[in-house]
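Subject: Structure handover

Hello,

Here is the structure I said I would pass on. Please open it next to this email. My notes follow below.

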Amino acid sequence: MSRRAVLITGAGQRLGAATASRLMDEGWFVFIHVNSSLDAAQKLLEESMTRNGNGCGHVLQADLTVDSQLQRLVEDVKNHTIVAQNGLAGMVHNASFYSKSKFEETSLETYRNLNRLHMEAPYFLTQELLPELKAAEGAVVGIVDTSWGKAWEGLSHYTSSKAGLRQLMLNLAGELSPTVTVNCVAPGAIMAADWESEHFTNVLKRVPMGRSGNASDIAAAVHHLLESPHLSGQVLHIDGGWSLNDT
Ligand SMILES: NC(=O)c1ccc[n+]([C@@H]2O[C@H](COP(=O)([O-])OP(=O)(O)OC[C@H]3O[C@@H](n4cnc5c(N)ncnc54)[C@H](OP(=O)(O)O)[C@@H]3O)[C@@H](O)[C@H]2O)c1
């Protein structure tokens, strides 16, 4: 069987890194995209090569809010031998920037950058690499969240751009069928940001499973969606049942 290649954005740290690691262990060739976490990504790749042998991935750097860097990322993926030969079997839109600020104090520039990161970059990457995705009858996964239809204080800029990504993925699930599957993973409370530990502890009180999830839970969900050719147009909540209690 030919080698399957996947691009994961924002994969140098945290949930993206766990997903990259899982997929390399499962035999995928992973393009580990980073913005600033070059050293962490290189270490992740070296550790995987120790377990799985050479040639299980490649680190690529780009600021996804900058058009010229997005274009270079596309070229780097397209021109890689494994993609030129086998196409691109997976694309995971994981890169994100999570910050809290009052609506009145959040600048238009901040909002535009989040829209670029959560919506424009996934749109552009999927569009530009569509021939390669089609060639491999590939799968696209958007990492969204559980905020859909809710009002989260101080997070309008974040939740609305994530809602845009969710809708983009669902629309593409229709448009790209039957060749390419498109799904979302919606993590609940998995790994707190530095600034939200108190809020995170309070959230966990409303999670039926009574605890946070693990990065490996997200990695397993992404792996499942990438390898399920009859699964498309779904949003898989990995949230310990949190959505049941938070209306
Ligand atoms: N953590 C949770 O519990 C949770 C809950 C709900 C949803 N999610 C979603 O799950 C995904 C992973 O979560 P996470 O907490 O691991 O994410 P994260 O740490 O907030 O962000 C992931 C990566 O995005 C990259 N990134 C940020 N700005 C970028 C830019 N301008 N250009 C390119 N890359 C950029 C960063 O790369 P560098 O480090 O290389 O700069 C960062 O490591 C995200 O989409 C997040 O919204 C997470």
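**The ligand shell**

The ligand is surrounded by 26 residues, and N35, S36, S37, N94 and Y158 are the closest of them. Keep in mind that this is a predicted model.

Three polar approaches to the ligand stand out for your setup. An N or O atom in the side chain of S36 sits 2.6 Å from a ligand oxygen. At N35 the backbone is involved: one of its N or O atoms is 2.7 Å from an oxygen atom of the ligand. L15 also uses its backbone, with a polar atom 3.1 Å from a ligand oxygen.

How much of the ligand does the protein cover? On its own, the ligand has 890 Å² of accessible area, and the protein covers 87% of that. Three elements give two or more residues each to the shell: α1 (14-25), β2 (29-34) and α7 (156-175). By residue type, the shell holds 12 nonpolar, 10 polar and four charged residues.

**I8 and its surroundings**

I8 belongs to strand β1, which runs over residues 5-8. Is I8 buried or exposed? Its relative accessibility is 0%, so I8 is buried.

Beyond residues up to four places away in sequence, I8 touches G16, T19, A20, L23, V30, F31, I32, H33, V92 and N94. One of these, N94, is also among the closest residues to the ligand. T19 is 11 residues from I8 along the chain, and their C-alpha atoms are 8.2 Å apart.

**Aromatic pairs**

The whole structure contains four aromatic pairs. Two are described here.

Take Y98 and W195. Their ring centres are 4.9 Å apart and the planes meet at 35°, so this pair is tilted. The two residues come from distant parts of the chain, 97 residues apart. Y98 sits in the loop between β4 (90-93) and α5 (108-128). W195 sits in the loop between β6 (181-187) and α8 (197-204). Y98 has 24% relative accessibility, so it counts as partly exposed. W195, at 41%, is partly exposed as well.

Now W152 and W242. Here the centres are 5.8 Å apart and the planes are at 20°, so the pair is stacked. W152 is in the loop between β5 (139-143) and α7, while W242 is in helix α10 (residues 242-245), so the pair ties together parts that are 90 residues apart in sequence. Both W152 and W242 are buried.

Which residues do ring pairs link into a cluster? They are Y98, Y158 and W195. Y158 is worth a second look, since it also appears among the closest residues to the ligand.

**T106**

T106 lies in the loop between β4 and α5. Y98 is in that loop too. The side chain of T106 makes a polar contact of 2.6 Å with the side chain of S101. A polar atom of the T106 side chain also lies 2.8 Å from the backbone oxygen of K102. Setting aside neighbours within four places in sequence, T106 is in contact with S101 and H157.

That is the handover.

Best wishes

How values were computed: Residues are numbered from 1 along each chain as its sequence is written. This is a predicted model: local features need pLDDT of at least 70, side-chain atom pairs count only at pLDDT 80 or more; totals for chains, interfaces and linings use all residues. Side-chain values use heavy atoms; hydrogens and water are left out. Helices (H or I, at least four residues) and strands (E, at least two) are DSSP runs, numbered from the N terminus. Buried means under 20% relative accessible area, exposed over 50%, partly exposed in between (1.4 Å probe, protein chains only). Contact means heavy atoms within 4.5 Å. A residue is near a molecule or strand if one of its heavy atoms lies within 4 Å of it. A polar contact is a pair of N or O atoms within 3.5 Å; within protein, one must be able to donate a hydrogen and the other to accept it, and residues adjacent in sequence count only if both atoms are side-chain atoms. Accessible areas come from the Shrake-Rupley method with a 1.4 Å probe; for residues, only the protein chains shown count as cover. Ala, Val, Leu, Ile, Met, Phe, Trp, Tyr, Cys and Pro count as nonpolar, Asp, Glu, Lys and Arg as charged, and the others, Gly among them, as polar. Rings of Phe, Tyr and Trp (its six-membered ring) pair if their centres lie within 6.5 Å; planes under 30 degrees apart count as stacked, over 60 as edge-to-face and the rest as tilted.
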